[in-house]
Amino acid sequence: LDPLSSPPAESLPLLSAVESGGLSFSYRRSKSANVTCEVQISDNLESGSWETVDDSEATYEEIPGDSTAELVTLRLPSGADKRFARLRVVLE
């Protein structure tokens, strides 16, 4: 995303409730960019507390009207009463 402009809401990561309980995390990923994307979670935001979520059961969906990106969704493991999530993107 362009850091100098306000992105459209649909291009931002989304944390949402799942009907069967728990949370899911969704984000758009470029099909051609040389980056690694990881969803990380923490119960307290402290340095060293972030854990990478296993994405082996993530779903990948085509985005209508955008052949350059896909929507990645994965379920977050349950945890403490508070849970924080972030998307870590690393240039390869």
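Which residue lies over the face of Trp50? I looked this up before anything else, and found that Arg86 lies there, at 4.0 Å from the ring centre. I note at the outset that this is a predicted model.

**Entry 1: the whole chain**

I began with the secondary structure. The protein has seven strands and zero helices. Reading along the sequence, I wrote down the pattern β-β-β-β-β-β-β. I then took the dimensions along the principal axes, and the C-alpha atoms fill a box of roughly 40 × 30 × 25 Å.

I next looked up the surface. The accessible surface of the protein comes to about 6600 Å². Carbon and sulfur atoms account for 50% of that surface. Of the 92 residues, 24% count as buried.

I also asked how contacts are spread along the sequence. Among contacts between residues at least 6 apart in sequence, 61% join residues at least 24 apart.

**Entry 2: strands β2, β5 and β6**

I turned to the partners of β6. Strand β2 covers residues 23–30 and strand β6 covers residues 66–76. These two strands pair in the antiparallel sense over eight bridges. Within this part of the structure I located Arg29, which stands opposite Glu70 in β6.

Strand β5, residues 59–63, also pairs with β6. This pairing is antiparallel and runs over five bridges. I recorded two positions along it. Tyr60 stands opposite Val72 in β6, and Ile63 has Asp66 of β6 as its bridge partner.

How many residues lie between β5 and β6 in their hairpin? I counted two residues between the strands. Gly65, in the turn, has a positive phi of about 85°.

**Entry 3: the sheet of β4, β3 and β7**

I then traced an open sheet of three strands, in the order β4-β3-β7, with antiparallel pairing. Its edge strands are β4 (51–52) and β7 (84–91), each of which pairs on one side only.

Strand β3 covers residues 35–42, and eight bridges join it to β7. I looked up one of these positions: the bridge partner of Val35 is Leu91 in β7.

**Entry 4: the loop between β3 and β4**

I checked the backbone of Leu45, which lies in the loop between β3 and β4. Its phi is near 70°, a positive value in a residue other than glycine. Is Leu45 buried or partly exposed? I found a relative accessible area of 46%, so Leu45 is partly exposed.

**Entry 5: the aromatic pair**

I searched for paired rings and found one aromatic pair in the structure. The rings of Phe25 and Tyr27 have centres 6.3 Å apart and planes at 55°, so the pair is tilted.

I looked up the accessibility of both residues. Phe25 has 5% relative accessibility and therefore counts as buried. Tyr27, at 4%, also counts as buried.

I listed the residues that Tyr27 touches, leaving out those up to four places away in sequence. Among them are Pro13, Cys37, Val39, Glu70, Val72, Leu74 and Leu87.

**Entry 6: the largest nonpolar core**

Which residues make up the largest nonpolar core? I found 10 residues in all: Phe25, Tyr27, Cys37, Val39, Ile41, Val53, Ala58, Val72, Leu74 and Leu76. Strands β2, β3 and β6 each supply at least two residues of this core. I set beside this a general remark: in soluble globular proteins, nonpolar side chains tend to be buried together.

**Entry 7: Leu74**

I chose Leu74 as one member of the core to follow further. Leu74 is found in strand β6. Why does Leu74 count as buried? The reason is its relative accessibility of 5%, since the cut-off for buried is under 20%.

I then asked what surrounds this residue. Not counting residues up to four places away in sequence, Leu74 touches Leu23, Ser24, Phe25, Tyr27, Val39, Val53, Asp54, Asp55 and Ala58. The list thus holds both rings of the aromatic pair, Phe25 and Tyr27.

I examined the contact with Val39 more closely. Leu74 and Val39 are 35 residues apart in sequence, and their C-alpha atoms are 8.6 Å apart in space.

Definitions and conventions
Residues are numbered from 1 along each chain as its sequence is written. This is a predicted model: local features need pLDDT of at least 70, side-chain atom pairs count only at pLDDT 80 or more; totals for chains, interfaces and linings use all residues. Side-chain values use heavy atoms; hydrogens and water are left out. Two strands pair if DSSP finds at least two bridges between them. Helices (H or I, at least four residues) and strands (E, at least two) are DSSP runs, numbered from the N terminus. Rings of Phe, Tyr and Trp (its six-membered ring) pair if their centres lie within 6.5 Å; planes under 30 degrees apart count as stacked, over 60 as edge-to-face and the rest as tilted. Buried means under 20% relative accessible area, exposed over 50%, partly exposed in between (1.4 Å probe, protein chains only). A charge sits over a ring if NZ of Lys or CZ of Arg is within 6 Å of the ring centre and within 35 degrees of the ring normal. Contact means heavy atoms within 4.5 Å. Accessible areas come from the Shrake-Rupley method with a 1.4 Å probe; for residues, only the protein chains shown count as cover. A nonpolar core is a set of buried Ala, Val, Leu, Ile, Met, Phe, Trp, Tyr and Cys residues joined through side-chain atoms within 4.5 Å.
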